[in-house]
Amino acid sequence: MDLNKTDRIGELLTDYLKEFLFDELSEDYLKKAGVYDILKDVPVPIRRTEMTGLTVLKIALNMAFVIGCDPNFKYRDNYVKYILKNFDKRFSDGLLAQGMDRAEKGSFEEAVIDFRAAILVDPDNAKAYYCYGRGLKDCYEKLLSDEQDMSSGISYSKETEDKAGRYKAESLEAFEVATLKDPELAEAHYYLGYAYLNMGLYMKAKLTWETYLKLCRGENYEKLTDKARQSLDQSVKEISQRLEQLREPVIIEEGYNMILSGKFEDGIKALRPYTETEFRNWWPLWFYLGTAYRELARQSRDELVKADPEADPAKDEVVAAASEEAVKHYLEVLKLSPSNRDAMGELVKLYRFLGNDEAADKYSKKIDIVAQNAEADRELIRNQAQRNAGSAKPAKMN
């Protein structure tokens, strides 16, 4: 994770920069403070509410907040040098403490800014990445909770989905980096497992949680207080149950991966048994099976045309049978996910190929209707959110 190069959420935080004015310190002061070479011709941030009584600490905190908002700020390097000259990398720990205090009060975005600044001051601080991931998790959970409380449905506006998606992606990467910086940071593995689970990456979740359990059973366990040990035991029990629940999803994910890697028949063989279990209500299972049959039909069609360019693939029994199987499975998707436009799009192409233009037109029209309804729902939610703004209660970062 390099905030200097890839910043998913920076533009969501820039409004906080309006709290600051920027002005240059006098040359006399810079020379006396021994920072002339660092801050010559460099404006420093001053909060509008703190125009007097500036101290070295306040200046450093303001600088940290600014670069936390925007890691690509023009004077970022100067600000980091100033902080490290007057303090040291342990300033990062102070930023973490401040950020956790903000999070406890429900100021999650400001907490995230502190955590980002802590990363810039000390890029090797694993706890900074961990706290950053936690703060981002709190941000998107509050965002989704607020909008759901403001509407009678469970859909979210496009703007909210985009914002939450950025927070989620950034959070996952932050937890990944935290585990790389400190492979023994058990808490990071705990939350990284959930991040993978939410992304449908079941194998990664399984491996991450297995590592978490090993860390929890390490030599430090006996050094914990009774209260801490009880809390940890509860978490271990929770994750052990999650791992048991993941056993079959992991096998299904392996089947998905077979299909994605071109092993269509192996993927079908792996996934087919689950259409007779409780997973038959899991629409992605049917979608991937439909995709496998669609690709088998395509392979057979290509082989047929290569052997006989004049052949009509739609009349070939093997090609038609595989195409019909694909149709059957995509129709199962729509039983479970009636507005699934991806499945409808596949059906349109398959029905065209099979010569069933009536069915192809039917699903083509449905795609347009679903798209229109989705936009109408988003507009309704936006209007409701504006009418009810401020009614939701913030969650807490534990």
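Hi everyone, let me start with a convention: angles under 35 degrees count as roughly parallel, over 145 as roughly antiparallel, 65 to 115 as roughly perpendicular and the rest as oblique. What we have is a predicted model, where local features need pLDDT of at least 70, side-chain atom pairs count only at pLDDT 80 or more, and totals for chains, interfaces and linings use all residues. Residues are numbered from 1 along each chain as its sequence is written, and side-chain values use heavy atoms, with hydrogens and water left out.

Helices first; these are DSSP runs (H or I, at least four residues), numbered from the N terminus. Helix H3 (residues 56-69) packs against helix H5 (residues 91-104) at about 70°, with the axes 12 Å apart; axes are lines fitted to C-alpha atoms over the stretch in contact, and angles run from 0 to 180 degrees between N-to-C directions. H3 and H5 are therefore roughly perpendicular. Taking contact as heavy atoms within 4.5 Å, Leu57, Ala60, Leu61, Ala64 and Phe65 in H3 meet Phe91, Leu95, Gln98 and Arg102 in H5.

Phe65 has another partner: arginine 47 lies over its face, 4.8 Å from the ring centre. The rule here is CZ of Arg or NZ of Lys within 6 Å of the ring centre and within 35 degrees of the ring normal. Lysine 168 likewise has its charged end over the ring of tyrosine 140, 5.4 Å from the centre.

And which residues join Tyr130 in one aromatic cluster? They are Phe175, Tyr190, Tyr191, Tyr194, Trp209 and Tyr212. Tyrosine 190 is buried (under 20% relative accessible area, 1.4 Å probe, protein chains only), at 14%, and tyrosine 191 is buried too, at 16%. Thanks, all!

Note on methods
Buried means under 20% relative accessible area, exposed over 50%, partly exposed in between (1.4 Å probe, protein chains only). Rings of Phe, Tyr and Trp (its six-membered ring) pair if their centres lie within 6.5 Å; planes under 30 degrees apart count as stacked, over 60 as edge-to-face and the rest as tilted. Helices (H or I, at least four residues) and strands (E, at least two) are DSSP runs, numbered from the N terminus.
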